[in-house]
Amino acid sequence: MAEEVTARVSRYVNDGSDQDLRRLLRGAELVAEPARTAFRRAGVQQGWNVIDCGCGPLGGLAVLAEMVGPAGRVVGVDLSQATVQRARAVMSALELGNVEVIAGGLHDLDSAALGGPFDLAFTRLFLMHQPDPVRTLRHIADLLRPGGWLVAHEQLPSPPPRSHPNLEALTGTWDLIYEVLHRNGVPARVVEDLPRSARQAGLEVTAMSGFFGVIDPEVMFELDAASIAALRERGIQLGIAAERIDGLVRDLQAAAKDGGYEWVTSPFFLDLALRKPAARQPR
Ligand SMILES: C[S@@+](CC[C@H](N)C(=O)[O-])C[C@H]1O[C@@H](n2cnc3c(N)ncnc32)[C@H](O)[C@@H]1O
């Protein structure tokens, strides 16, 4: 099953006619290996019931589907209806029948509504967007069985991503993304403070690690340009100058076509394994 899904993703990436989807899948494959490693560390097994919180159009859904197998169940949740439709189309294109994608705000959906309790929850680039991370972590803890796992892959603001040769717009993009988050009410040091927030939410921090992805420049610059173009409207509402955003999009698109860049990194991911304490045995 594992190889089958990986092969299906790469077939889709190589043969697919949908440019946007190809880019998305290539981007996701680059962070798929650290996700697999983190899921293995948590002991994911065939037959597990797992949830990807804020799954986006793909997130960790395909990797989780591969690891829990046909006897398992993967639930993806996302606030955006358009994203959920996209995720359902991707799952159907990849013929992953054990994945269900639900539209809604995570805080509005309890364990019963989602088909919990879950053996494992995953967040990637999700907790870093939450205005009250302790509340969100408590809610995720409520979705887990006693002894269940939360794997969190969230990006630190520093160190920023790097490329060779250096592209100024890369740092500018990263600063802009974090500035929009903070203006949007996300607390400063949201990711740095995650271990403490997790403990406050009643979770144990069982392992910490971290990683950069090293990525094909063309893919990364295009993904970055698409990400900041997507937050343009919100950024302007929050007082960021349109010219600053447009200038970065232009520079990134030009760099994507340039062909002279050797490599580019992702921002640095903090990788946390968090666990809901196991139920106490009656004496
Ligand atoms: C930056 S994207 C990351 C997507 C995916 N996890 C990945 O790794 O590619 C964050 C996603 O979280 C979703 N999201 C943010 N807050 C949410 C909430 N409270 N409930 C459900 N989804 C949420 C957004 O709609 C968006 O699709």
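Is the crossing of H8 and H10 left-handed or right-handed? The legends below take up that point after a look at the ligand, and every view comes from a predicted model.

**Figure 1. The shell around the ligand in the predicted model.** Here you can see the ligand with the 15 residues around it. Those that come nearest are Gly54, Asp78, Leu79, Leu106 and Arg124. Sorted by character, the shell holds 5 nonpolar, 8 polar and 2 charged residues.

**Figure 2. Polar atoms facing the ligand's nitrogen and oxygen atoms.** Let's zoom in on three of the residues. Glycine 54 takes part through its backbone, with an N or O atom 2.8 Å from a nitrogen atom of the ligand. Aspartate 78 uses its side chain instead: one of its polar atoms sits 2.6 Å from a ligand oxygen atom. Arginine 124 also places a polar side-chain atom by an oxygen atom of the ligand, at 2.8 Å. On its own the ligand would expose 600 Å², and the protein buries 77% of that area.

**Figure 3. Helices H8 and H10 cross.** Now for the opening question: the two helices, H8 and H10, make a left-handed crossing. H8 spans residues 168–183 and H10 spans residues 217–230. Their axes come within 11 Å, at a crossing angle of roughly 35 degrees.

**Figure 4. Side by side: the residues where H8 meets H10.** From H8, the contact draws on Leu170, Thr173, Leu176 and Ile177. H10 contributes Phe221, Asp224 and Ile228. Taken together, the residues of this contact comprise 5 nonpolar, 1 polar and 1 charged.

Key
Residues are numbered from 1 along each chain as its sequence is written. This is a predicted model: local features need pLDDT of at least 70, side-chain atom pairs count only at pLDDT 80 or more; totals for chains, interfaces and linings use all residues. Side-chain values use heavy atoms; hydrogens and water are left out. A residue is near a molecule or strand if one of its heavy atoms lies within 4 Å of it. A polar contact is a pair of N or O atoms within 3.5 Å; within protein, one must be able to donate a hydrogen and the other to accept it, and residues adjacent in sequence count only if both atoms are side-chain atoms. Accessible areas come from the Shrake-Rupley method with a 1.4 Å probe; for residues, only the protein chains shown count as cover. Ala, Val, Leu, Ile, Met, Phe, Trp, Tyr, Cys and Pro count as nonpolar, Asp, Glu, Lys and Arg as charged, and the others, Gly among them, as polar. Axes are lines fitted to C-alpha atoms, for helices over the stretch in contact, and angles run from 0 to 180 degrees between N-to-C directions. Helices (H or I, at least four residues) and strands (E, at least two) are DSSP runs, numbered from the N terminus. A crossing is left-handed if the near helix is turned anticlockwise from the far one by less than a right angle, and right-handed if clockwise. Contact means heavy atoms within 4.5 Å.
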